[in-house]
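Biologist: Please show me the model, and then I will ask for the reasons behind the terms used to describe it.

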Amino acid sequence: MKTRVAVIGAGNMGLHHVRNYYYQPNVDLIGVVDQNELRLNQVIAKYPIKGFLDYKDLFPLVDAVSIATPTSTHYAIACDFLSHGKHVLLEKPITQEIEQAKKLIEVAENKHSILAIGHIERFNPVMLELENVLRNQKPVFIDIHRESPFDPRIFDADVVLDLMIHDIDLIFFLLKENIKLISVYGISVHSDKNDLVNAQFLSESGILINVTTSRATEQKIRQWRLVLPSQMIEADLLERKLHITRRTLMETSFYEDRPDIKYKQEQLTEKVLVANFEPLQMELNDFIQAIQIGIPPKVGGQEGLKALEVIKEIEIKIRNRASTNNTR
């Protein structure tokens, strides 16, 4: 049986949801919702589905929805659908406020509805390979850079809520342990919000983590560097590359008659073969599978809440630092 789904929000991300659902054989894509009629008409001209101006018209028509609207609208829309017993995939961040996230989780549990959060980087094939590499070992230091040019379309969230939250969630995903915020600095560049933030964390087992997130960089960067006692791992989430550099003491003679002439290789770099698939497709497959089989999604409400709690702590510390500096 097909799952009846609709997409709320016909912006850039919503359009990708529409495209993926449209070609899924186990999904009946009912339609797309947007208050912008021009944008709505552009989507339904490309995909022969129905367009709706009011998402409430969908309550009797769908089993589930993807919500890809501005963060400030997440709580109200998701709460409406969950209250009607519908399953919800909510783009990250789960909500703007912690209490809102807790309420959504409570409503979903009471209605026995699935609440999945769109932390798409968990489905990045590089991260899935990196999880395997770290299964029996842990780094001592992690350096993370997520940087982008400024996007004026993101008007209701700072760079921490918009971008850094990806890497906070990935830290929990990979390390399977809690982290403590040590220090954080943020500056505004193109807006009245934080556009560039650097934060340092310490994990429960003593892993030092440095995260730099920017939307003031004229280059798109998605890189992780993990230092282990005898190796270094470099992961490029954008280029889908994963390299492991190991220490070696291998020596090789060049000539049989001259054993004194040797080549010594102190390092060896392995290029890990990374699968090529679209993370969003895997995320939506996971959501639909959770509905049809009755299993929890890989990223549920609790995971979304956990990442949001850290993000809120970061934002509070940045505000407190700014307030202290202004009173001096």
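The questions below take up salt bridges, burial, strand pairing, helix packing and backbone angles.

Modeller: This is a predicted model, in which local features need pLDDT of at least 70 and side-chain atom pairs count only at pLDDT 80 or more, while totals for chains, interfaces and linings use all residues. Residues are numbered from 1 along each chain as its sequence is written, and side-chain values use heavy atoms, with hydrogens and water left out.

Biologist: Why is the contact of Lys92 and Asp162 called a salt bridge?

Modeller: The term requires a side-chain nitrogen of Lys or Arg within 4 Å of a carboxyl oxygen of Asp or Glu. The N to O distance for Lys92 and Asp162 is 3.5 Å, so the pair meets the definition. A search of the whole structure finds 14 salt bridges.

Biologist: Where do Lys92 and Asp162 lie?

Modeller: Lys92 is in the loop between strand S5 (87-91) and helix H4 (98-111), and Asp162 is in helix H6 (residues 159-175), 70 residues apart. Helices (H or I, at least four residues) and strands (E, at least two) are DSSP runs, numbered from the N terminus.

Biologist: Why is Lys92 called buried?

Modeller: Buried means under 20% relative accessible area, exposed over 50%, and partly exposed in between, with a 1.4 Å probe and protein chains only. Lys92 has 13%, so the residue counts as buried. Asp162, at 14%, is buried because that value is also under 20%.

Biologist: What makes Lys138 and Glu177 a salt bridge, and is each buried or exposed?

Modeller: Their side chains meet at 2.3 Å, N to O, so the pair is within the limit of 4 Å. Lys138 lies in the loop between helix H5 (125-133) and strand S7 (141-147) and Glu177 in the loop between H6 and strand S8 (179-187), so the salt bridge ties together parts that are 39 residues apart in sequence. Lys138 is partly exposed at 39%, whereas Glu177 is buried at 7%.

Biologist: How do you know that S1 and S4 pair?

Modeller: Two strands pair if DSSP finds at least two bridges between them. Strand S1 (residues 3-8) and strand S4 (residues 64-67) have four bridges, so they pair, and they do so in the parallel sense. Val5 stands opposite Ala64 in S4. These strands belong to an open sheet of six, in the order S3-S2-S1-S4-S5-S6, with parallel pairing. Strand S3 (50-52) and strand S6 (115-118) are the edge strands, each pairing on one side only.

Biologist: Why are H3 and H4 called roughly parallel?

Modeller: Axes are lines fitted to C-alpha atoms, for helices over the stretch in contact (heavy atoms within 4.5 Å), and angles run from 0 to 180 degrees between N-to-C directions. Angles under 35 degrees count as roughly parallel, over 145 as roughly antiparallel, 65 to 115 as roughly perpendicular and the rest as oblique. The axes of H3 and H4 come within 9 Å and cross at roughly 10°. That angle is under 35 degrees, so H3 is roughly parallel to H4.

Biologist: What makes Lys176 and Arg240 notable in phi?

Modeller: Lys176 has phi near 60°, a positive value in a residue other than glycine. Arg240 also has a positive phi, of about 60°, and is not a glycine. Lys176 is in the loop between H6 and S8, and at 55% the residue counts as exposed because the value is over 50%. Arg240 lies in the loop between strand S12 (231-236) and strand S13 (241-255), and at 28% is partly exposed.
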